[in-house]
Amino acid sequence: MKITDAKVIVCGPGRNFVTLKVTTEEGLYGLGDATLNGRELSVASYLKDHLIPCLIGRDARNIEDTWQYFYKGAYWRRGPVTMTAIAAIDTALWDILGKSVNRPLYQLLGGASREGVLCYGHASGETAEETLAALGDYLKQGYKAVRLQSGVPGLPKTYGVGRGKDHYEPAEKGLPPEATWNTEAYLRSAPELFKKAREKYGWDVHLLHDVHHRLTPIEAARLGKDLEPYRLFWMEDPVPAELQEGFRLIRRHTTTPIAVGEVFNTIFDCQQLIQEQLIDYIRSTVVHAGGITHLRKIASLAEMYHVRTGCHGATDLSPVAMGAALHFGLSVHNFGIQEYMRHSKETEKVFPHAYSFKDGYLHPGEKPGLGVDLDEALAAKYPYERAYLPVNRKLDGTLHSW
Ligand code: EZ4
Ligand code: CO
């Protein structure tokens, strides 16, 4: 099964996506998501200029060897651009393998360990009342788990709060927008939101929250304690995670479960977090953590330490990554939950897919491989436009994590 062609497709149906399409001599093709929000063209170039020339002619079935070839063979290892490019190749090869034996991917990963993939939606609003109304809408749609984010009083714009009824999309065209941050106002308002949510909707729904890397360990410890009465499913990214040992401090103070890792790109980013049982959920996903091959290794390590998966699934991960995440989530034993932000209508049309949502669960479908396609002619109608995620500053102008 010789690889005869590989091309990178960059498109912008509502937001930018980079997709790799790998073709074999038999005429089979596989897709891999290569989207790195705000740095898309670097991955496209890394693939086109450096990896694809070495990929042509390789046997598409040697997935592990190909992964090692591009990881160890680069000499310069790890990093988001490298690992996203390797992930795209890896995902495309798993897609081809599934198509070649006419099986949905999850069957090649050990089969279904559950009937569906529990997912969480995103409820947000400028005020707690708006967020609670949005939570009510999600419950009506059948969601069993919902992330709550609300505006921080006094700040013009807050992470995670959608604009009007639009799908939440933080990247903006042009140069990076600037946001502001006030830790004290946030620490006062966040627990209030969850108090109100429990008072209004009770205890049957799983509630989640994303701190988005804004706190220090001791601040995160305080927030975790303040949230304890409301029994969150998780508190996500409480601090930036370059300093893995920093999580010890949070852990010492609170039983609120901790999730981290959407920006991690290898197992080495979470090795200490997992082995010291400093977290409960690992958020790394197929597209940014080296593909299905590498994510399976992360999950296997996590399984030994009672850590479950909780893959990132924002709209900047294309339906190709979502399909891959669902096959992974259906099969892996220590699955926890899957993030699910619905893509725009334009994106859904450009990427026809077999996965579907029902009663709070996602299922990857039964099509061979990933079950996700790319309509190239339609994609060509939505050209790439440069866009950036915001940068964030404290009220005195100091640059802060966004
Ligand atoms: O801000 O994917 O949990 N989800 C998130 C996302 C991230 C974006 C960044 O590209 O934190 O909304
Ligand atoms: Co997040």
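## Helix H10 and what comes after

Just past helix H10 sits His306, and its phi is positive, near 65 degrees. Bear in mind that this is a predicted model. The helix itself covers residues 291-304, which makes 14 residues. From first C-alpha to last, H10 reaches 21 Å, close to the 20 Å expected at 1.5 Å a residue.

A good number of H10 side chains are tucked away. The buried residues are Gly291, Ile292, Thr293, His294, Leu295, Ile298, Ala299, Leu301 and Ala302.

## The cobalt site

Which residues hold the cobalt ion (ligand 2)? The protein donors are Asp210 (OD), Glu236 (OE) and Glu262 (OE), and they lie 1.9 to 2.2 Å from the ion. Along the sequence, these donor residues follow the spacing D-x25-E-x25-E. Asp210 belongs to strand E8 (residues 206-210), while Glu262 comes from the loop between strand E10 (258-260) and helix H9 (271-275), so the pair ties together parts that are 52 residues apart in sequence.

Don't expect a textbook geometry here: the site of the cobalt ion (ligand 2) is irregular, with angles of 24 to 176 degrees among its 6 donor atoms. As for the donor residues, Asp210 is buried at 2% relative accessibility. Glu262 also counts as buried, at 9%.

## Two more positive phi values

Most residues other than glycine have a negative phi, so the next two are worth a look. Gln277 isn't a glycine, yet its phi is positive, about 50 degrees. You'll find Gln277 in the loop between H9 and strand E11 (281-282), where it is partly exposed, with a relative accessible area of 39%.

Asp359 is the other one: again not a glycine, and again with a positive phi of about 50 degrees. Asp359 sits in the loop between strand E14 (356-358) and strand E15 (361-363). Is Asp359 buried or partly exposed? At 48% relative accessibility, Asp359 counts as partly exposed.

## A three-stranded sheet

There's also an open sheet of 3 strands, in the order E7-E17-E18, with mixed pairing. Why is one side of E7 and of E18 left without a neighbour in the sheet? Strand E7 (178-181) and strand E18 (399-400) stand at the edges and have a single partner strand each, so each keeps one side free of a neighbour.

E7 and strand E17 (residues 391-394) run parallel and are joined by 4 bridges. If you want a specific contact to look up, Glu178 has Val391 in E17 as its bridge partner.

Conventions:
Residues are numbered from 1 along each chain as its sequence is written. Chains are lettered from A and ligands numbered from 1 in the order in which they are written. This is a predicted model: local features need pLDDT of at least 70, side-chain atom pairs count only at pLDDT 80 or more; totals for chains, interfaces and linings use all residues. Side-chain values use heavy atoms; hydrogens and water are left out. Two strands pair if DSSP finds at least two bridges between them. Helices (H or I, at least four residues) and strands (E, at least two) are DSSP runs, numbered from the N terminus. The expected span of a helix is 1.5 Å times one less than its number of residues. Buried means under 20% relative accessible area, exposed over 50%, partly exposed in between (1.4 Å probe, protein chains only). Donors are N, O and S atoms within 2.8 Å of the metal (3.2 Å for Na, K and Ca); water is not among the atoms, so sites may look incomplete. Four donors count as tetrahedral if all angles lie between 85 and 135 degrees; four count as square planar and six as octahedral if opposite donors are over 155 degrees apart and all others between 65 and 115; anything else is irregular.
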